[in-house]
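Colleague: I would like to go through this model with you and ask, step by step, what stands behind the words used for it. Could you take me through the reasoning slowly?

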Amino acid sequence: MFRRCALNYLATTPTDTSDYPDKIVLMWSTVHGMAQLIANGNLVYDGDELDWVESMLALYLQG
């Protein structure tokens, strides 16, 4: 399911399709890593965690 969502998102960007595999791994590892840190209490955020993760992904993918 994550891959499908990532592909749908990437299709709306100017990302070259040859970069999709790397971008998908980057997206997955960011989401998974942040989720693990939040769940373990090692990463605390006072706002909405989903918004935070989305903003982090936007920073990675736009750069």
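Modeller: Gladly, and let us begin with the order of the elements: from the N terminus on, the protein chain runs α-α-α, with 3 helices and 0 strands. Please keep in mind that this is a predicted model. Along its principal axes, the C-alpha trace spans about 35 × 20 × 15 Å.

Colleague: What makes helix 1 oblique to helix 2?

Modeller: The axes of helix 1, residues 2-10, and helix 2, residues 20-39, come within 10 Å and cross at roughly 120°. Angles over 145 degrees would count as roughly antiparallel and those from 65 to 115 as roughly perpendicular, and because the angle here belongs to neither range, helix 1 is called oblique to helix 2. The crossing of these two helices is right-handed.

Colleague: Which residues of helix 1 and helix 2 meet there?

Modeller: From helix 1 there are F2, R3, A6, L7, Y9 and L10, and they meet Y20, K23, I24, M27, W28 and V31 of helix 2. Sorted by class, the residues of this contact divide into 10 nonpolar, no polar and 2 charged.

Colleague: Why is A6 called buried?

Modeller: A residue counts as buried when its relative accessible area is under 20%, and A6, with 1% relative accessibility, is therefore buried. A6 is found in helix 1, and, leaving aside its neighbours within four places in sequence, A6 is in contact with I24 and M27. A6 and Y20 are 14 residues apart in sequence, and their C-alpha atoms are 8.7 Å apart in space.

Colleague: R3 lies in helix 1 as well, so how do you know whether R3 is buried or exposed?

Modeller: The same kind of test is applied, where exposed means over 50%: R3 has 56% relative accessibility and therefore counts as exposed. In space, R3 and V25 are 9.1 Å apart, C-alpha to C-alpha, with their positions 22 residues apart in sequence, while R3 and G33, which are 30 residues apart in sequence, are 16 Å apart in space by their C-alpha atoms.

Colleague: And what makes V25 count as buried or exposed?

Modeller: V25 lies in helix 2, and its relative accessible area is 53%, so V25 is exposed. Over the whole protein chain of 63 residues, 21% count as buried.

Colleague: Where do helix 2 and helix 3 meet, and how do they cross?

Modeller: Their axes come within 10 Å and cross at roughly 145°, and helix 2 passes helix 3 in a right-handed crossing. In this contact K23, L26, M27, T30, V31, M34 and I38 of helix 2 meet E49, W52, V53, M56, L57, Y60 and L61 of helix 3. The classes here are 11 nonpolar, 1 polar and 2 charged residues.

Colleague: Why is A58 called partly exposed?

Modeller: Buried would need a value under 20% and exposed a value over 50%, and A58 has a relative accessible area of 24%, so A58 is partly exposed. A58 is found in helix 3, residues 49-62. A58 and M27 are 31 residues apart in sequence, yet their C-alpha atoms are 9.6 Å apart in space.

Colleague: What makes the pair of Y45 and W52 stacked?

Modeller: The structure holds 1 aromatic pair, and that pair is formed by Y45 and W52, with 4.4 Å centre to centre and 10° between the planes. Ring centres have to lie within 6.5 Å for a pair, and planes under 30 degrees apart count as stacked, so with these two values Y45 and W52 form a stacked pair.

Colleague: How do you know whether Y45 and W52 are buried or partly exposed?

Modeller: Y45 has 35% relative accessibility and therefore counts as partly exposed, whereas W52, with a relative accessible area of 17%, is buried. The cut-off that decides the matter for W52 is 20%, since buried means under that value.

Colleague: How many of the contacts in the protein chain join residues at least 24 apart?

Modeller: Among contacts between residues at least 6 apart in sequence, 37% join residues at least 24 apart.

Note on methods: Residues numbered from 1 in each chain as written. Predicted model: local features only at pLDDT ≥ 70, side-chain atom pairs only at ≥ 80, totals over all residues. Heavy atoms only, no water. Axes fitted to C-alpha atoms, helices over the stretch in contact; angles between N-to-C directions. Helix = DSSP H or I, 4+ residues; strand = E, 2+ residues; numbered from the N terminus. Parallel < 35°, antiparallel > 145°, perpendicular 65-115°, else oblique. Left-handed = near helix turned anticlockwise from the far one by under 90°. Contact = heavy atoms within 4.5 Å. Nonpolar A, V, L, I, M, F, W, Y, C, P; charged D, E, K, R; others polar. Buried < 20%, exposed > 50% of the residue type's maximum accessible area, 1.4 Å probe, protein only. Phe/Tyr/Trp six-rings, centres within 6.5 Å; stacked < 30°, edge-to-face > 60°.
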